[in-house]
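Open the model in your viewer and keep the selection box ready. The stops below can be taken in order.

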Amino acid sequence: MTTNAAIPGPQVPSWQPSEPADEANILLVGDTGFGQSYVDHHGVQAEDLYEAPFGRLRGLLDSSDLVVANLETVLTDRRDSPLQGKRPYLHYDDPTLGTAHLRKHGITAVTYANNHVMDMGEAGFLDTLKNLEDSNILYAGAGRDRARADEPLRIRIPFTDGTHRGITIFAGLRTSEEFDALTGSFATADSPGCSPLETDTATARIKEVRKQSPDELIIVIPHWRRDYKWASNAQRSFAASVTAAGADLVIGHGSHMAQEIDIHNGRPLLHGIGNFVFNSNGRYALMDAPPYSAAVRLHLTSDSTRIRLYPLHTDNGSTGFRTGPVDVEQFEEFYLEALSRTGDSAAFLRGLEPGADAQGHYLEIDLNKDHRARVNRHRRGQSRTLTYWDENPKKIRFDRRSSPNVIVLERELKRQGATIQRLDSGAFSGRSKEGVPYLMMTSSTHHSGVPGARAAKRKSITREILKDHDLSTAAGGFFSSQDDFDAAAALLGDLGPVVVKPMDGNVGRGVTVGIEDSDALRAAWDHAFSETRSGVLVEQQFRGDEIRISVVDGVACAATRRIPPQITGDGTSTIRELINARNDERHHELVLHSKPLDLTGNRLRTLLRAGFTPLTVLPQGVTHLIDHMGSVGSGAHPENCIETMDPSYLRIAESAALAFHDIDIAGIDILCEDLSQSANDENHIIIEVNTRPEVAVHSARPSDRAPQSFPTRLVSSVLASDPPRTFRPRVRRPVPPERLSSAALLAAEFTARDMDVTWYGDTYFRASGGGATASVWGSSTDRTGTAARFAARHDGLTQSLLRRARLPVRRAETPAPEGTRLCFLVAHSRVLAVIDPSDPRRRNLLRSVNQSHRALAAAASRAITGLDLAEVTLTASDPSQPGRRGTVVIDDVRPDPDLVAFAEAAAPRTDIVKTIVDLHLGAAEPASEPAFTWTEKQKGTPAGLKATVVDAARGAKRVTRGLRRRIGGD
């Protein structure tokens with residue numbers, strides 16, 4: 001072991017080896033305490049405390065240049081605690097024996113920020129600091145004041161090639177204000193204690209270190225009060241925050257057991273490493289906690305960093321207070337538990353390499369020069385692909401930072417002559433070469449109606465609609481409450497193997513396939529409910545080929561068979577290695593680079609039932625089906641099949657898409673027994689109608705080199721003008737609905753036009769009759785596009801679109817004008833009503849508001865292409881006067897106005913619901929609100945919004961003299 005050359009003094013905890021070396025090994029271990037306080041209470045013999053418990057750990061300790069432990073005791077002779085009777089466990093150890101044996105066992109640095117540092121009061125805490133200092137043992141995370149407590153442990157390592165490496169370790173206690181009030185654990189500017197390691201302060205300190213030392217290895221060690229529990233959401237959130245700020249590694253303490261291991265954006269997150277030598281009886285069995293902890297070794301050279309995680313058996317009741325490395329079976333148990341609980345199984349499988357050395361079994365994480373695990377999860381760099389979807393495929397480069405769908409769609413938009421304005425990573429707008437505006441959120445467009453899209457997301461409604469159109473779906477049931485498990489379990493006997501999925505899920509989240517027993521159903525049930533707000537479907541499993549057929553404007557134009565994830569053994573590779581090899585291949589494909597094959601909990605259970613583990617070598621030629629489920633996002637492989645499948649399935653997909661009449665683009669997922677055979681009522685089911693289908697999935701290598709037409713057809717549809725509507729006049733006065741709602745008011749108006757209204761739930765209905773069809777969800781009609789609704793519900797996108805239209809929007813850095821806040825109901829660029837939300841009388845102020853403000857509200861709605869009905873909120877200094885620069889701003893544009901409030905304000909003079917439906921069904925539209933322009937101040941003319949009248953009949957525009965810039969208008 002290299003001699004500790006600590007810089008003397010209590011102020012700056014810093015360490016470096018006494019001389020340059022070829023390599024360095026830093027060992028970081030968990031909760032450490034000799035247990036003197038347990039001698040009387042638990043019958044532990046004093047001679048067992050300080051020497052014997054370290055016997056099986058000698059290999060780890062002796063092979064390390066520096067050992068950093070979490071000291072979770074107080075080194076003092078004091079025995080009178082101010083917390084006696086207030087806390088169940090109080091720790092203390094002999095100060096002379098404690099410090100001597102820390103050094104004897106090679107522990108020359110500690111983090112001292114945990115929930116036991118004040119167990120013997122402030123005096124005992126200060127005794128401990130002094131005893132550590134007198135023994136030349138470095139400490140971090142604690143101090144006589146806040147400044148010292150916040151000081152990180154700094155490690156500097158010189159190498160024989162003349163280079164240096166730096167490590168900065170931040171330590172602190174994460175606990176509640178109530179606990180601090182009880183114990184006084186947190187340091188202040190003039191009182192001793194721990195560093196609180198607050199998120200905002202920690203991220204700021206990390207950013208400062210990263211700025212000063214870009215190559216520094218930054219480690220954060222938080223201590224949490226979570227005895228024998230798995231990681232909390234707060235732990236995960238904190239870890240994500242500090243790594244986003246620049247930390248490279250998080251190593252948690254406080255759980256007394258090894259918690260989850262995650263790799264997030266390439267950063268290893270060891271949420272809790274448990275105990276080292278911690279001489280209490282422990283509560284592993286009582287708390288149903290795995291009896292394992294871990295030691296973390298950093299192996300550094302001048303140009304490499306490796307982390308070795310050594311599992312330790314730390315249940316003193318089983319080990320006789322002799323912590324030590326795990327055996328082969330225990331290691332496999334540790335590995336499977338960690339894999340089943342990680343947040344990203346593909347990153348875990350790739351990033352943690354199992355191995356063994358003289359110190360024991362380990363999991364190794366190899367970090368690259370940026371201190372990120374090599375996991376193929378980052379979206380950086382470029383690759384090449386053939387444009388198989390083109391008639392004449394070309395080789396193109398693509399950036400992994402962009403979505404494959406965006407890459408394909410942007411290329412096709414440019415090819416068809418459209419302008420493109422990027423709004424964010426997956427949203428863009430512009431105009432066709434003919435000047436038709438469009439708005440897209442990947443494959444979600446301004447044409448695709450909100451009602452149909454929302455209905456398709458509710459799987460129970462989808463089943464009902466498909467059945468109404470005589471289309472096949474799986475047998476099963478819908479359950480809205482998690483308490484209905486017994487009723488769901490009863491279906492197992494009637495249906496056999498089942499599939500459980502969230503009613504409002506997508507991309508395979510929360511779906512479990514192939515459930516055959518109650519235990520598996522319970523796990524799948526809880527998983528599905530964790531991913532839903534609406535309920536869960538339990539359906540009979542249908543085995544067969546899963547195909548995605550994409551439909552544009554009622555025409556099926558592309559089909560892909562999803563080959564379920566499976567691996568075949570070569571006799572030498574483990575299952576883990578085979579999965580990693582498959583994911584390496586996927587990483588270099590346009591469609592699949594961000595869609596690794598995951599080994600979810602259900603897939604892992606399937607693997608174990610087959611008699612395998614991820615560490616098993618799969619025999620030569622043996623194929624293991626990882627999952628029956630064919631989601632490309634979770635590991636399936638897409639294969640073009642439109643030229644080889646029976647065309648009857650294309651007709652079924654077209655019927656399914658048309659069943660949701662307002663959806664222009666849909667991906668229909670079908671399970672069928674044999675693609676080459678004609679469809680009948682028994683050999684297939686429709687499993688999903690996806691209204692935001694992947695475009696790039698059809699760019700996979702085709703089986704017969706047939707070009708895919710989906711991107712071309714999709715973009716052509718997006719750039720087309722809206723088709724004309726069939727008008728139905730009102731034939732009688734509508735019957736007022738019993739329960740007022742936006743949807744009920746609209747349904748009554750459609751009924752008054754002799755249209756049949758069919759309800760699916762309380763907020764969604766269809767109206768049809770005389771060649772006209774309409775649908776409504778809440779106050780969203782089918783003329784409101786899904787892309788428009790998405791943009792209007794996200795402030796960043798709304799602001800971007802309004803600024804691109806050069807409209808006055810509220811800016812954070814600019815104070816809002818003082819004045820009146822008004823809400824405008826806008827339909828088809830017409831303002832139908834205006835209310836002051838602060839006025840309890842809810843009067844319609846339409847006639848009293850200056851035309852310039854109405855023009856501005858209409859322009860705001862028009863800026864979001866495809867927004868049929870909108871509530872636009874403005875703040876104006878004086879609504880009765882023309883707006884001037886700095887006197888009016890757009891506060892918000894919302895896609896779901898409350899028609900009840902506006903209708904009550906407008907009555908009895910104006911029937912706004914009638915006007916809305918008239919416009920929706922294509923009545924001869926009156927003139928829109930006037931266009932408007934900003935004008936600069938001229939002699940005798942105040943600067944303001946000047947309206948120009950639009951002559952709808954002749955399409956002529958009279959432009960106001962002094963016009964500087966046209967903002968909007970028809």
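Is Cys 641 buried or exposed? Select Cys 641: this residue is buried, with a relative accessible area of 2%. Bear in mind throughout that this is a predicted model.

**Stop 1: the cysteines**

Stay on Cys 641 and add Cys 672. The sulfur of Cys 672 is the closest cysteine sulfur to that of Cys 641, yet it lies 8.1 Å away, too far for a bond. A disulfide would need the two sulfur atoms within 2.5 Å. The disulfide count comes to zero. Now jump to Cys 823. Cys 823 is buried too, at 5% relative accessible area.

**Stop 2: Ser 717**

Select residues 710-718. This is helix H21, and Ser 717 sits in it. Ser 717 counts as buried, with 7% relative accessibility. What does Ser 717 touch beyond its neighbours within four places in sequence? Show His 447, Val 552, Asp 553 and Asp 664: Ser 717 is in contact with each of them.

**Stop 3: strand E16 and its partners**

Select residues 305-313, strand E16. Seven of its nine residues are buried, so the strand is largely enclosed by the rest of the structure.

Add strand E15, residues 292-300. E15 and E16 run antiparallel and share nine bridges. They make a hairpin, with four residues between the two strands. Find Val 296 here; its bridge partner in E16 is Leu 309.

Next bring in strand E19, residues 360-367. E19 also pairs with E16 in the antiparallel sense, over five bridges. Look at Leu 309 again: in E19, its bridge partner is Leu 363.

Finish with strand E17, residues 324-325. Two bridges join E17 to E16, again antiparallel. His 313 stands opposite Gly 324 of E17.

**Stop 4: the nonpolar cores**

Which residues have the most contacts inside the largest nonpolar core? Select Ile 26, Leu 28, Ile 155, Ile 167, Ile 219, Ile 251 and Leu 298. The core holds 60 residues. Helix H11, residues 328-341, supplies the largest share of this core, with six residues.

Centre on Ile 26. Leaving out residues up to four places away in sequence, Ile 26 touches Trp 15, Leu 66, Ile 155, Ile 157, Ile 167, Val 296, Arg 297, Leu 298 and Leu 300. Val 296 is the residue already seen opposite Leu 309.

Another core lies apart from this one. It has 40 residues, including Leu 57, Leu 75, Leu 132 and Tyr 310.

**Stop 5: a four-stranded sheet**

How are the strands ordered in the open sheet of four? The order is E37-E38-E39-E40, and the pairing is antiparallel. Select the edges: strand E37 (756-760) and strand E40 (780-781), each of which pairs on one side only.

Now select E39, residues 772-777. E39 pairs with E40 over two bridges, in the antiparallel sense. Val 776 stands opposite Thr 781 in E40.

Two helices pack on this sheet; add each in turn. Helix H15 (residues 459-468) touches E37, strand E38 (764-769) and E39. The direction of H15 makes about 140° with that of E37. Helix H22 (residues 742-751) likewise touches E37, E38 and E39. For H22, the angle with the direction of E37 is about 155°.

Technical notes:
Residues numbered from 1 in each chain as written. Predicted model: local features only at pLDDT ≥ 70, side-chain atom pairs only at ≥ 80, totals over all residues. Heavy atoms only, no water. Pairing = 2+ DSSP bridges. Contact = heavy atoms within 4.5 Å. Axes fitted to C-alpha atoms, helices over the stretch in contact; angles between N-to-C directions. Core = buried A, V, L, I, M, F, W, Y, C linked by side-chain atoms within 4.5 Å. Buried < 20%, exposed > 50% of the residue type's maximum accessible area, 1.4 Å probe, protein only.
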